Amino acid sequence: MQDERNNDIQETAITGVTGPITGWLDGHTILVGLLANPIRHSVSPTMHNNAFAKLGLNGLYLCFEVEGDRLEGAVKAIRTLGMRIAKEAGVKHIYNGLGMVVGQGAESFKLWTGKEMPVDYIKEIVAKA
């Protein structure tokens, strides 16, 4: 498989990563993330990073554990960096809990990339995570 610059995407053995990831990041990388607390249990990075790789997109999804009293400052920092806030950018459904993972993930993935997330493939990955 290759990304949008025809670089090969190889499966990589990294602790905590259960699928292929892109082998490089650069100034064109799409950075997507989730602010929450707690967040370390989230399978969203597995879902999104595998979708980026499967579609050959230069993207990276990270989770940021932000305490409630620091959330306002984190959101200000995102705006300062020119990053988009999902709800303000048009994400229609924002849910809490496991029920939101694939649906909200697919919706935000399309918002950030303009492409449909391969939902069936991602459901298989998330089920194994």
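The following paragraphs lead through ring contacts, salt bridges and a surface patch in this structure.

The model is predicted: local features need pLDDT of at least 70, side-chain atom pairs count only at pLDDT 80 or more, and totals for chains, interfaces and linings use all residues. Residues are numbered from 1 along each chain as its sequence is written, and side-chain values use heavy atoms, with hydrogens and water left out.

The search for paired aromatic rings yields one pair. It is formed by Phe 52 and Phe 109, whose ring centres are 5.0 Å apart and whose planes make an angle of 45°, a tilted arrangement. Rings of Phe, Tyr and Trp (its six-membered ring) pair if their centres lie within 6.5 Å; planes under 30 degrees apart count as stacked, over 60 as edge-to-face and the rest as tilted. Because Phe 52 belongs to helix α1 (residues 44–54) and Phe 109 to helix α4 (residues 101–113), the pair ties together parts that are 57 residues apart in sequence. Helices (H or I, at least four residues) and strands (E, at least two) are DSSP runs, numbered from the N terminus. Phe 52 is buried, at 1% relative accessibility, and Phe 109 is buried as well, at 0%. Buried means under 20% relative accessible area, exposed over 50%, and partly exposed in between (1.4 Å probe, protein chains only).

Another ring contact involves a charge: Lys 54 lies over the face of Tyr 121, 4.6 Å from the ring centre. This description requires NZ of Lys or CZ of Arg within 6 Å of the ring centre and within 35 degrees of the ring normal.

The whole structure contains three salt bridges, each defined by a side-chain nitrogen of Lys or Arg within 4 Å of a carboxyl oxygen of Asp or Glu. Arg 40 and Glu 65 form one of them, at 3.4 Å from N to O. This pair links distant parts of the chain, with Arg 40 in the loop between β1 (30–36) and α1 and Glu 65 in strand β2, 25 residues apart. Arg 40 is exposed, at 73%, whereas Glu 65 is partly exposed, at 37%. Lys 76 and Glu 72 form another, with their closest N and O atoms 3.5 Å apart; both residues lie in helix α2 (residues 71–80), about one turn of the helix apart. Lys 110 and Glu 116 also meet in a salt bridge, at 2.7 Å.

Strand β2 (residues 59–65) also holds Leu 62, which is partly exposed at 33%. Leu 62 joins Leu 31, Phe 64, Leu 81 and Met 83 in a nonpolar surface patch of about 430 Å². Patches are made of residues with over 30% relative accessible area and no salt bridge, like charges being joined within 9 Å and nonpolar side chains (Val, Leu, Ile, Met, Phe, Trp, Tyr) within 5 Å. Accessible areas come from the Shrake-Rupley method with a 1.4 Å probe; for residues, only the protein chains shown count as cover.
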